[in-house]
Amino acid sequence: DRLASQRERRLAEQRDYIAQHAPRSVDLLKKMGQHDPDWLEAVRDHHRTDAGNLASRSPGQRIARLIQRADIFTARLAPRASRRPDAATAAMQACYFDEHRQIDAAGAALIKAVGVYSPGTLVRMANNETGVVVRRGANTSTPRVAVLVNRDGFATGEHVVRDTSLREFRIIAGVPPHECKVKINLSRLLALTSGPASSRAW
């Protein structure tokens, strides 16, 4: 939280503290009674894992790579005092490609699990509505989206859920959080994350 609200560059002692984060976490896990070698290996190495094939790695190293890719994704989405968060699509792209701009197996697995547009992603649809992804759809790129802003640019009172596999509601762009001025009522949106959606309602 302190780093997120800090505008100036990280201090040397902060960088050192971050560098020790992984081994310190292993020590904490051991003190709490966690001695699974795969988990401890994954936590220890999640900052220093490299690109490459997952199949030839130990289970701990596979998990480490998954953690690293998830770390990159969530860091890109997190707002900081020094920068705006990325759009979710840009964050996904950052974890999908590895250090050599090749498709990363762990990043691809993460996107397959959470979808190209993960819950909470702001998107613009073909009918010019802006909404927030509330759950997976028929595939990873066609989620269900609750409308926040109508086609005329006004905030909606009721969050109609759209099925983006339909042509008129297809997603045409991700929307950076700072571009959506609507205050989101999380409790109302949580009620839309399960059950049938009336996707064609106007």
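This is a short talk on the fold, the sheet, the cores and a few single residues of one protein chain.

Good morning. One caution first: what you see is a predicted model.

Start with the whole chain. The protein chain has 202 residues, and 34% of them are buried. Along its principal axes the C-alpha trace spans about 55 × 40 × 35 Å. The exposed surface comes to about 12200 Å², with 53% of it from carbon and sulfur atoms. Now contacts. Take those between residues at least 6 apart in sequence: 46% of them join residues at least 24 apart.

Next, the elements. There are seven helices and five strands. Reading from the N terminus, the order is α-α-α-α-α-α-β-β-β-β-β-α. So much for the overview.

I'll take one helix from the N-terminal run. Look at α5, residues 88-96. Which of its residues are buried? They are Ala88, Ala91, Met92, Ala94 and Cys95. These residues cover an arc of only 160 degrees around the axis, so they sit on the same side of α5. What do the buried residues of α5 pack against? Two helices: α4, residues 59-77, and α6, residues 105-114.

Stay here for the loop between α5 and α6, which holds Arg101. Arg101 is not a glycine, yet its phi is positive, about 65 degrees. Its relative accessible area is 54%; because the cut-off for exposed is over 50%, Arg101 counts as exposed.

Now the sheet. Five strands form an open sheet, and the pairing is antiparallel. In what order do the strands lie? The order is β4-β3-β2-β1-β5. β4, residues 161-163, and β5, residues 171-174, are the edge strands, each pairing on one side only. From one strand to the next, the twist averages 45 degrees.

Let me walk through the pairs. β2 and β3 are antiparallel and share five bridges. One bridge there puts Val133 with Val145 of β3. Move to β1, residues 122-125: three bridges join β1 to β2, again antiparallel. Leu122 stands opposite Val132 in β2. On its other pairing, β1 meets β5 through three bridges, also in the antiparallel sense. There Val123 has Gly174 of β5 as its bridge partner.

The β1-β2 hairpin deserves a stop. Four residues lie between the two strands, and Asn128 takes a positive phi there. The value is near 75 degrees, in a residue other than glycine. Is Asn128 buried, exposed or partly exposed? It is partly exposed, at 43% relative accessibility.

On to the cores. As a general point, nonpolar side chains in soluble globular proteins tend to be buried together. In this model, the largest nonpolar core has ten residues: Leu122, Val132, Val134, Ala146, Leu148, Val149, Val161, Val175, Cys180 and Leu189. β2, residues 130-135, and β3, residues 144-149, each supply at least two of these. Which strand gives the most? β3 does, with three residues. Apart from this core lies another one, of eight residues, including Val123, Val147, Phe169 and Ile171.

Take Val132 as a member of the ten-residue core. Set aside its neighbours within four places in sequence. Val132 then contacts Gly120, Thr121, Leu122, Arg144, Val145, Ala146, Leu148 and Leu189. Leu122 we have met already, as the residue opposite Val132.

Last residue: Pro143. Where is Pro143? It lies in the loop between β2 and β3. This loop residue counts as buried, at 1% relative accessibility. What does Pro143 touch, beyond residues up to four places away in sequence? The list is Tyr117, Val133, Arg135, Arg136, Gly137, Arg162, Asp163, Thr164 and Ile171. Two names there recur from earlier. Val133 is the bridge partner of Val145, and Ile171 belongs to the eight-residue core. One distance to finish with: the C-alpha atoms of Pro143 and Pro59 are 31 Å apart, with the two prolines 84 residues apart along the chain.

To recap. The sheet is open, antiparallel and five-stranded. The ten-residue core draws three residues from β3. Pro143 is buried, whereas Arg101 is exposed. Thank you.

Definitions and conventions. Residues numbered from 1 in each chain as written. Predicted model: local features only at pLDDT ≥ 70, side-chain atom pairs only at ≥ 80, totals over all residues. Heavy atoms only, no water. Buried < 20%, exposed > 50% of the residue type's maximum accessible area, 1.4 Å probe, protein only. Arc of directions from axis to C-beta. Contact = heavy atoms within 4.5 Å. Core = buried A, V, L, I, M, F, W, Y, C linked by side-chain atoms within 4.5 Å. Pairing = 2+ DSSP bridges. Axes fitted to C-alpha atoms, helices over the stretch in contact; angles between N-to-C directions. Areas by Shrake-Rupley, 256 points an atom, 1.4 Å probe, with all protein chains shown as cover.
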